[in-house]
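Reader: I'm new to looking at protein structures, and the descriptive words confuse me. Could you show me where they come from?

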Amino acid sequence: MRRALELARAAWTEGEVPVGAVVVMDGKIVGEGFNRPISSNDPSSHAEIEALRDAAKNLGNYRLVGCDIFVTLEPCLMCAGAIQHARISRLIYGARDPKTGACGSVLDVFADARINHHASVTSGILEEECGGILKRFFSERRQRA
């Protein structure tokens with residue numbers, strides 16, 4: 001999660017919402033990413049998607065069986081779907097997202113028995129740090145507006 005926080009800070013320096021993600025297999029980072037929808041003009045360029053793409057490229061497979069993903073913010077519905085389709089084993093996230101969180105806050109994709117793959121979900125890891133960076137980012141933006 002510490003590396004995901006570093007990536008979130010990198011997103012902030014690029015003017016993106018500070019969210020970072022890493023994909024881990026056997027204790028080793030195999031993919032990483034941070035939010036880039038503004039700079040890439042791509043609404044799907046969330047941290048999780050970027051990390052999944054990087055891991056799939058590095059492992060040579062779109063199925064990431066046996067991998068875990070660490071994310072600083074609870075994934076949205078799009079990202080939860082991508083995590084599900086990649087067959088990620090475990091999702092670990094920091095801060096809850098009470099507006100768009102799809103892993104327990106607004107929706108709970110992985111709790112729906114109709115879905116064919118369920119990652120185990122752990123929330124609240126380094127929650128204050130993960131939430132704090134987002135609060136500072138948005139506070140700074142409001143002050144400039």
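Reader: Why are H1 and H5 called roughly parallel to each other?

Author: This is a predicted model, and in it helix H1 (residues 2-13) and helix H5 (residues 127-144) pack at an angle of about 10°. Angles under 35 degrees count as roughly parallel, so H1 and H5 get that label. Their axes are 10 Å apart.

Reader: How do you know that H1 and H5 are in contact, and which residues make the contact?

Author: Contact means heavy atoms within 4.5 Å. On the H1 side, Arg 2, Leu 5, Ala 8, Arg 9 and Trp 12 make the contact. From H5 come Glu 129, Cys 130, Ile 133, Arg 136, Phe 137 and Glu 140. Sorted by class, that gives 6 nonpolar, no polar and 5 charged residues.

Reader: Okay, on to the sheet. What makes strand E2 and strand E5 edge strands?

Author: Each of them pairs on one side only. The open sheet has 5 strands in the order E2-E1-E3-E4-E5, with mixed pairing. Neighbouring strands there are turned by 20° against each other on average, direction ignored.

Reader: How do you know that strand E3 and strand E4 pair, and in which sense?

Author: Pairing takes at least two bridges between two strands. E3 (residues 67-73) and E4 (residues 90-95) have 5 bridges, so they count as paired, in the parallel sense. One bridge joins Leu 73 to its partner Ala 95 in E4. H1 packs on this sheet too, touching E1, E2 and E3.

Reader: Leu 73 sits in E3, then. Where else does Leu 73 turn up?

Author: In the lining of the largest pocket, where Val 17, Leu 73, Asp 97, Leu 134 and Phe 138 lie nearest the centre. That pocket holds about 630 Å³ of space and is lined by 25 residues.

Reader: What makes up that lining?

Author: By class, 11 nonpolar, 5 polar and 9 charged residues. H5 gives the largest share, 7 residues.

Definitions and conventions:
Residues numbered from 1 in each chain as written. Predicted model: local features only at pLDDT ≥ 70, side-chain atom pairs only at ≥ 80, totals over all residues. Heavy atoms only, no water. Axes fitted to C-alpha atoms, helices over the stretch in contact; angles between N-to-C directions. Helix = DSSP H or I, 4+ residues; strand = E, 2+ residues; numbered from the N terminus. Parallel < 35°, antiparallel > 145°, perpendicular 65-115°, else oblique. Nonpolar A, V, L, I, M, F, W, Y, C, P; charged D, E, K, R; others polar. 1 Å grid on protein atoms, 1.4 Å probe; cavity = no way out; pocket = protein on both sides within 12 Å on 5 of 7 lines; lining within 4 Å. Points joined across faces, edges and corners; volume = space filled by probe spheres on them.
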